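Q: Please take a close look at a single part of this model, the surroundings of ligand 1, and then describe some further residues and one helix in the same detail.

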Amino acid sequence: LLRELPVARSRGADGVGLYRTEFPYLMRRDAPTEAQQLAVYQRAFEEFPDRPITFRTLDLGGDKIAPFLQGDEGTAELEDNPFLGQRSIRLSLAHPDLFRTQLRALLRACDGHKGRILFPMISAVDEMKEVLRQVDLARAELRSRGTAFADEVQIGAMIEVPAAVEIAPHLTKLVDFLSVGTNDLLQYTVAADRGNRKVAELASNYHPALFSLLSRLSWEATKAGVPVSVCGEMAADPACALFLAGIQVDALSMDSRYIPRTKVLLRGYELSELKEIAGGARKLATASEVNRFLHQNLRVPPEAERLFAGAH
Ligand code: PEP
Ligand code: MG
């Protein structure tokens, strides 16, 4: 939310790793106009004028149903299994006018700033290509109107389904960066709803399958020279942060409350040690073993203990 940005800045954020753009859509009866969205995105840059802000395009569907889409055939509400249905980027691509309105607002807001546009839940190369085609169309629309916009904006794919990890070598040819949404990547990997307490044990951030996918993704991205960040809740867990730094993820994005402690923690390690810890975690078979191993390797500086009170 916009009001969270000054707080994030004061807590040492180097930018915004995940700006969720759906709130203005959820709060209104009608979809926000290009001008209304532009005003919101520009305000975000007032707080971080010279730092990167990663705007994620509309991530509706699943449990987030916008009032203006209700009753529209094919929306999440009418689907038997909305989390496997037309959610997120699929919904945006099914409504190209709505999608391009947002893209135009974003391209305009990023003019003169370090803006990045991130597309959620990409699961196929053709889907990513269609997204890029829509970005080109949005640029052409702005050009024909004579409206100024950012030409150099960075484009990223969000990695939230296992298929995206498998096709990462192809996706890296199309985008400037990757960002892993571990909340969704985990729920789609273990087929366990992230909000369902009955299966919460299975949907553990320490699940070895998640660790394996993340290692491979980071390796592929590094090979392709494409930076990869993690913006799921996992990044805020100190034990997981050790692992993510060890597999050389380039950036961590988290609730700003956890930024100070994560910085203190990671500064206490050499990269070589983090790599060893990540390698050790990768050999383990169960989430509880991974959890135990990482916590054994967690060194909380005594002067920072209060920052870790209540940590996962
Ligand atoms: C994620 O899935 O990890 C993510 C960051 O997106 P959201 O939590 O908004 O689904
Ligand atoms: Mg997600």
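A: A polar contact is a pair of N or O atoms within 3.5 Å. The model discussed here is predicted, and every distance below is to be read in that light. By that cut-off, Asn 183 makes a polar contact with ligand 1, because a backbone N or O atom of Asn 183 lies 2.8 Å from one of the ligand's oxygen atoms. A polar backbone atom of Asp 184 is placed 3.0 Å from an oxygen atom of ligand 1. Arg 20 approaches through its side chain instead: one of its polar side-chain atoms is 2.8 Å from an oxygen atom of ligand 1. The protein buries 97% of the 290 Å² that ligand 1 exposes when taken alone.

The shell can also be described as a whole. There are 13 residues around ligand 1, and those that come nearest are Arg 20, Arg 56, Glu 160, Gly 181 and Asn 183. Sorted by class, the shell consists of six charged, four polar and three nonpolar residues. As for its origin in the fold, strand S1 (16–20) and helix H9 each supply at least two residues. H9 gives the most, with three.

The magnesium ion, ligand 2, shares residues with this description. Glu 160 (OE) and Asp 184 (OD) coordinate the ion, at 2.0 to 2.1 Å. Glu 160 belongs to the loop between strand S4 (154–159) and helix H7 (162–166), while Asp 184 belongs to helix H9 (residues 182–190), so the two together tie parts of the chain that are 24 residues apart in sequence. Glu 160 and Asp 184 are both buried. Glu 160 is thus named twice, as one of the residues that come nearest to ligand 1 and as a residue that coordinates the magnesium ion.

From Asp 184 the account can be carried to Arg 87. Neighbours within four places in sequence aside, Arg 87 is in contact with Asp 184, Gln 187 and Tyr 188, and also with Asp 59, Leu 60, Gly 61, Gly 62, Pro 82 and Met 121. Arg 87 is found in the loop between strand S2 (53–56) and helix H4 (89–94). Its relative accessible area is 4%, and Arg 87 is therefore buried, the cut-off being under 20%.

Met 121, one of the contacts of Arg 87, has a backbone feature of its own. Its phi is positive, about 55°, although Met 121 is not a glycine. Met 121 sits in the loop between strand S3 (115–119) and helix H6 (125–145), and at 2% relative accessibility it counts as buried. Ala 191 likewise has a positive phi, near 55°, in a residue other than glycine. Ala 191 lies in the loop between H9 and helix H10 (208–224). Is Ala 191 buried or exposed? With 71% relative accessibility, Ala 191 counts as exposed.

Helix H3 (residues 34–47) provides two further residues to examine. Glu 34 is found in this helix and is buried, with a relative accessible area of 10%. The side chains of Glu 34 and Arg 108 are joined by a polar contact of 2.7 Å. Residues up to four places away in sequence not counted, Glu 34 touches Arg 108 along with Thr 101, Arg 104, Ala 105, Leu 142 and Arg 145. Phe 45 also lies in helix H3 and, at 2% relative accessibility, counts as buried. Among the residues that Phe 45 touches are Arg 51, Ile 53, Phe 55, Ala 109, Cys 110 and His 113. Phe 45 and Leu 5 are 40 residues apart in sequence, and their C-alpha atoms are 9.6 Å apart.

Helix H11 (residues 238–246) completes the account. It is mostly covered, with nine of its nine residues buried; among them are Cys 240, Leu 242, Phe 243 and Leu 244. The cover over these buried residues includes H10, strand S6 (228–230), strand S7 (251–252), helix H12 (259–267), helix H13 (271–282) and helix H14 (287–296). At the start of H11, a side-chain oxygen of Asp 237 reaches to within 2.9 Å of the backbone nitrogen of Ala 239. Just after H11, Gln 248 takes a positive phi of about 65°.

How values were computed: Residues numbered from 1 in each chain as written. Chains lettered and ligands numbered in written order. Predicted model: local features only at pLDDT ≥ 70, side-chain atom pairs only at ≥ 80, totals over all residues. Heavy atoms only, no water. Donors = N, O, S within 2.8 Å, 3.2 Å for Na, K, Ca; no water. Helix = DSSP H or I, 4+ residues; strand = E, 2+ residues; numbered from the N terminus. Buried < 20%, exposed > 50% of the residue type's maximum accessible area, 1.4 Å probe, protein only. Near = heavy atom within 4 Å. Polar contact = N/O pair within 3.5 Å; in protein donor to acceptor, adjacent residues only side chain to side chain. Areas by Shrake-Rupley, 256 points an atom, 1.4 Å probe, with all protein chains shown as cover. Nonpolar A, V, L, I, M, F, W, Y, C, P; charged D, E, K, R; others polar. Contact = heavy atoms within 4.5 Å.
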